[in-house]
Amino acid sequence: MSGGATIVRAGDSAIVVRFEERIDPSINARALQLGKRVASWATTGVRDIVPAFHSVTVHYDPIRTNVQHLVEQLERAVVAEEPEGMADSGRSIEIPVCYGDDLGPDLSAVASWANMSATDVVAFHSARAYRVYMLGFLPGFSYLGTVDERIAVPRLATPRVHVPAGSVAIAGPQTGVYPLDTPGGWHLIGRTPLLMFDASRSRPSLLAAGDTVTFRPMNRTEYDRFSGLRDRGHGTC
Amino acid sequence: MSGTLSVIRPGLLTTVQDGGRWGWQSSGVPVSGAMDPVSHRLANALVGNPPGSATLEVTLLGPELEFHDDRLVAVCGAEFEISVNGNGMPPQSAFPVGRGSRCRFGSRLRGARASVAISGGIAVPPVLGSRATHVTTRMGGYEGRALVAGDTLPLGKPSERERLDLPASTNALVRLPAAGPTTVRVIPGPHADRFEENAMAVLQSAPYTVTPQSNRMGYRLEGAALRSAPTRASFALSEATFHGALQVPPNGQPIVLMADRQTTGGYPVLAVVAAADIGLTAQLAPGDLVMFEHCTEQDAVSSLLAQEALLIAAEARGAA
């Protein structure tokens, strides 16, 4: 429609604004920036604003929202993006990970797939800074990209019934941390003692879209000590 | 006065629900809340609760509840045989219970889900601003789960008000499947251009069956396959989902996303159920037939406005 963006009505209670359909930091930054602007309007009736890889969805109550006005605001916003807003305002977050053994049961399989040692898989995984493109699937689950193609192992043929919370995993170009015990189909290479989501915190999700994440290897002793502190209620993360 | 109620038998799936946990989807938190929002609001109005008070949502097979003090109770939505200490109670209306009263759900007559409002509301602690239960993430409600026998639920302080009788016009608010296919209105969706040109026509050509793999997250349907346009990929880059989205996985069999839907998804959305018909959709049970019918956004909003006017009138009387 304008500025490479399209505004699509999604039924009578949501509007989607889409940018070019690919996974790209600058496209994602535009989506996040638009989401923040929509939030700043504090439009009556808007229930939720949900950014994704290349889009922002605005959920609204059609009874209480002036939809025509909201659409016009969106049309103006996508043609006149604020250049200073294009810079990412996300935080940098380091996530400690104990790789391999029972905490990362698929590490050796990933190493075999990549035809390298487990140590090299860990080195590749922890060398990069990853962008948080979006959250979804579960509370606090973030889609991080992109993984070095040499370790970008596809999903498991058969998903696991039980993946423990904190599991750090790879699926193709994506990596992420399971925030809850859940079924899951990604390869598990390690585990973090951090709580990725805690509804009782003022900021429940550790990560937000636009943040930058690095993984730091930790040994088992550190992991156990950190987990113990967390479980006794001293964890602040 | 605040009190409790006891769960004698839990029924198939009885959960605490309210208007939903809005505002946290960007952190991946599902909305949840009452599947049939109209029945939820009407039940609250009938017992004098503020809109949005937490109620119990009963699914297919109802519970048996014991009360410990004087309350008003209203059951709206799906019709069950309901008795209090053996005396039959009418659906879609309020009735009093007292200390030791046992409210028992019997046979299900019509619909799939009922909202049980109790004056004072269910007073479980809110999580991220809502008391709604999301079972798969164990969030909200009573310990993040469906009720089991022996649970004791906290109740809030009821408003000082006599039983409310609503005008007959409000009866039309609760919409339940009757014999034959249930007509549900849909608006073309945000990925309609990814499907074969006749996909909307195919969708409306014959009824779909609600399969047993249907739950609070979504209704998996079975019927005429909906095909992606050959030139387009059969999946879209993940983006936000929304209530009533009719998403189509590669097998062509649509899934209607409901209250507990994940916040994001990657299947293309052919059509969206009109908000005014979400409550009706929530009343479909496995094996029921649904017939989709195209409607414009304008007509969808008109229906919703008419529904809202009746609900606001009921809520205003409840607050009087």
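**Entry 1: the sheet of chain A**

I looked up Val46(A) and found Tyr60(A) as its bridge partner in β4(A). The model is a predicted one, and I keep that in mind for every entry below. Strands β3(A) and β4(A) run antiparallel and share 5 bridges. I followed the chain from β3(A) to β4(A) and found a hairpin with 3 residues in the connection.

I then turned to the other partner of β4(A). Strand β2 (residues 14–18) of chain A is joined to β4 (residues 55–60) of chain A by 5 bridges, and this pair is antiparallel too. Here Ala14(A) sits opposite His59(A) of β4(A). Helix α1 (residues 25–41) of chain A packs on the sheet and touches β2, β3 and β4 of chain A. I noted an angle of about 25° between the direction of α1 and that of β4(A).

The whole sheet has 4 strands in the order β1-β2-β4-β3 (chain A); it is open and its pairing is antiparallel. Which strands stand at the edges? They are β1 (6–9) and β3 (46–51) of chain A; each has a single partner strand, so one side of each has no neighbour in the sheet. Ignoring direction, I get an average turn of 15° between neighbouring strands of this sheet.

**Entry 2: backbone oddities in chain A**

I went through the backbone angles of chain A next. Asp101(A) has a phi near 50°, which is positive in a residue that is not glycine. I place Asp101(A) in the loop between β5 (92–99) and α3 (107–114) of chain A. Asp101(A) counts as exposed because its relative accessibility is 67% and the cut-off is over 50%.

Phe137(A) is another non-glycine residue with positive phi, about 75°. Phe137(A) belongs to the loop between β6 (130–135) and β7 of chain A.

I also logged a cis peptide bond, from Gly145(A) to Thr146(A), with omega near -10°. Thr146(A) is in the loop that lies between β7 (142–145) and β8 (160–163) of chain A.

**Entry 3: where chain A meets chain B**

How many residues does each chain bring to the contact? I have 41 residues from chain A and 40 residues from chain B. In chain A, the residues that lose the most area to chain B are Asp12(A), Asp48(A) and Ile63(A), together 18% of what that side buries. The area buried between chain A and chain B is about 3100 Å², with 61% of it on carbon and sulfur atoms.

I picked Thr264(B) for a closer look. Thr264(B) is part of strand β16 (residues 264–265) of chain B. Beyond its neighbours within four places in sequence, its contacts include Met134(A), Leu135(A), Gly136(A), Phe137(A) and Tyr143(A) from chain A. From chain B the list has Glu239(B), Ala240(B) and Thr241(B). A polar atom of the Thr264(B) side chain is 3.5 Å from the backbone nitrogen of Phe137(A), the residue I had logged for its positive phi. Is Thr264(B) buried or exposed? Thr264(B) is buried, because its relative accessible area of 4% falls under the 20% cut-off.

**Entry 4: the barrel of chain B**

In chain B, 7 strands close into a barrel, and I read their order as β10-β17-β14-β15-β12-β11-β18 with mixed pairing. The twist from one strand to the next averages 40°. I checked the pair formed by β10 (residues 182–188) and β18 (residues 289–294) of chain B: the two are parallel, with 5 bridges. Within this pair, Arg185(B) has Glu293(B) of β18(B) as its bridge partner.

**Entry 5: Phe67(B) and the cysteines**

I found Phe67(B) in strand β4 (residues 64–67) of chain B. Phe67(B) is buried, with 0% relative accessibility. Setting aside neighbours within four places in sequence, Phe67(B) has contacts that include Leu5(B), Val73(B), Val97(B), Ile118(B) and Cys103(B). Arg99(B) is also in contact with Phe67(B); the two are 32 residues apart in sequence, while their C-alpha atoms are 5.7 Å apart.

Cys103(B) led me to search for disulfides, and the search of the whole structure gave 0 over all chains. For Cys76(B), the nearest cysteine sulfur is that of Cys103(B), 13 Å away. Why is Cys103(B) not bonded to Cys76(B)? The closest cysteine sulfur, that of Cys76(B), is too far for a bond at 13 Å, because a disulfide needs sulfur atoms within 2.5 Å. Cys76(B) is buried at 0% relative accessibility, and Cys103(B) is buried at 1%.

Notes: Residues numbered from 1 in each chain as written. Chains lettered and ligands numbered in written order. Predicted model: local features only at pLDDT ≥ 70, side-chain atom pairs only at ≥ 80, totals over all residues. Heavy atoms only, no water. Pairing = 2+ DSSP bridges. Axes fitted to C-alpha atoms, helices over the stretch in contact; angles between N-to-C directions. Buried < 20%, exposed > 50% of the residue type's maximum accessible area, 1.4 Å probe, protein only. Polar contact = N/O pair within 3.5 Å; in protein donor to acceptor, adjacent residues only side chain to side chain. Contact = heavy atoms within 4.5 Å. Buried area = accessible area lost by both parts, 1.4 Å probe.
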